[in-house]
Amino acid sequence: MSKNITLDAYVIDTLLRDLVGHDRRASAFLVYLYLATRADHRGRGVPASYTDLARALGLSKSAVQGAVHHLRRRRLLRVEHASPTAVPVYQVATPWRR
């Protein structure tokens with residue numbers, strides 16, 4: 001069963017070029033795209049460990065860690081932890097929608 005996924009044109013038209021071309025962080029774009037397509041439109045985040053993301057995307061765990069760090073620094077991703085050892089919950093930000 002396929003799920004219809006709607007992405008802002010901005011993600012492909014601008015963010016792709018910015019993250020992959022300018023920042024040279026293709027892994028950051030992949031992580032953003034993966035989380036954006038799995039985000040709950042009711043505002044709930046996506047729970048996933050670095051290992052989960054690495055397996056799903058075919059990246060190394062360190063590449064995912066670097067991508068998450070870059071996305072957080074760019075304010076495109078927020079990460080919440082219920083406790084220090086809990087699986088993080090990712091909130092995808094869309095600052096262009098203001």
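Leaving aside neighbours within four places in sequence, H70 touches L19, D23, R25 and A28 in this predicted model. H70 belongs to helix α4, which covers residues 61-73. Its relative accessibility is 5%, under the 20% limit, and therefore H70 counts as buried.

## The chain as a whole

The chain contains 4 helices and 3 strands. Along the sequence these elements follow the pattern α-α-β-α-α-β-β. The chain has 98 residues, of which 32% count as buried. Its accessible surface comes to about 6,600 Å², and carbon and sulfur atoms contribute 50% of that area. Among contacts with a separation of 6 or more, 51% are between residues 24 or more positions apart.

## Packing of the helices

H70 also takes part in the contact of α4 with helix α2, on the α4 side. Helix α2 spans residues 26-38, and its axis lies 8 Å from that of α4, at an angle of about 80°. This angle falls in the range of 65 to 115 degrees, so α2 is roughly perpendicular to α4. From α2 the contact draws on S27, A28, V31 and Y32, and from α4 on A63, A67, V68, H70 and L71. Sorted by class, the contact holds 7 nonpolar residues, 2 polar residues and no charged ones.

Helix α2 packs with helix α3 (residues 50-57) as well, at an angle of about 100° and with the axes 11 Å apart. These two helices are therefore also described as roughly perpendicular to each other. On the α2 side the contact involves L30, V31, Y34 and L35, and these meet L53, A56 and L57 of α3. The contact of α2 with α3 has 7 nonpolar residues, no polar and no charged ones. V31 of α2 appears in the contact with α4 and again in the contact with α3.

The two helix pairs are set out below.

| Helix pair | Angle | Axis separation |
|---|---|---|
| α2 and α4 | about 80° | 8 Å |
| α2 and α3 | about 100° | 11 Å |

## The sheet

The 3 strands form an open sheet in the order β1-β3-β2, with antiparallel pairing. Strands β1 (46-47) and β2 stand at the edges with a single partner strand each, so one side of each has no neighbour in the sheet. Helix α4 packs on this sheet and touches β2 and β3, its direction making about 110° with that of β2. Strands of a sheet pair through backbone hydrogen bonds.

Strand β3 (residues 89-92) is joined to β2 (residues 77-80) by 4 bridges. On its other pairing, 2 bridges join β3 to β1. Several residue pairs can be named between β2 and β3: L77 stands opposite V92, V79 has Y90 as its bridge partner, and E80 stands opposite V89.

Side chains in a regular strand alternate between the two faces of the sheet. Strand β2 shows such an alternation: L77 and V79 point to one face and are buried, whereas R78 and E80 point to the other face and are not buried.

## Y90 in strand β3

Y90 is a residue of strand β3. It is the bridge partner of V79 in β2 and also of V46. With a relative accessibility of 1%, Y90 lies under the 20% limit and so counts as buried. Apart from neighbours within four places in sequence, Y90 is in contact with L35, G45, V46, A48, Y50, L53, V68, L77, R78 and V79. L35 and Y90 are 55 residues apart in sequence, while their C-alpha atoms are 7.5 Å apart in space. Of the residues touched by Y90, L35 and L53 also belong to the contact of α2 with α3. V68, likewise touched by Y90, is one of the α4 residues in the contact with α2.

## The loop before β2

R75 is found in the loop between α4 and β2. Most residues other than glycine have a negative phi. R75, although not a glycine, has a positive phi of about 60°. Its relative accessibility of 68% is over the 50% limit, and R75 therefore counts as exposed.

Methods
Residues are numbered from 1 along each chain as its sequence is written. This is a predicted model: local features need pLDDT of at least 70, side-chain atom pairs count only at pLDDT 80 or more; totals for chains, interfaces and linings use all residues. Side-chain values use heavy atoms; hydrogens and water are left out. Buried means under 20% relative accessible area, exposed over 50%, partly exposed in between (1.4 Å probe, protein chains only). Contact means heavy atoms within 4.5 Å. Axes are lines fitted to C-alpha atoms, for helices over the stretch in contact, and angles run from 0 to 180 degrees between N-to-C directions. Angles under 35 degrees count as roughly parallel, over 145 as roughly antiparallel, 65 to 115 as roughly perpendicular and the rest as oblique. Ala, Val, Leu, Ile, Met, Phe, Trp, Tyr, Cys and Pro count as nonpolar, Asp, Glu, Lys and Arg as charged, and the others, Gly among them, as polar. Two strands pair if DSSP finds at least two bridges between them. Accessible areas come from the Shrake-Rupley method with a 1.4 Å probe; for residues, only the protein chains shown count as cover.
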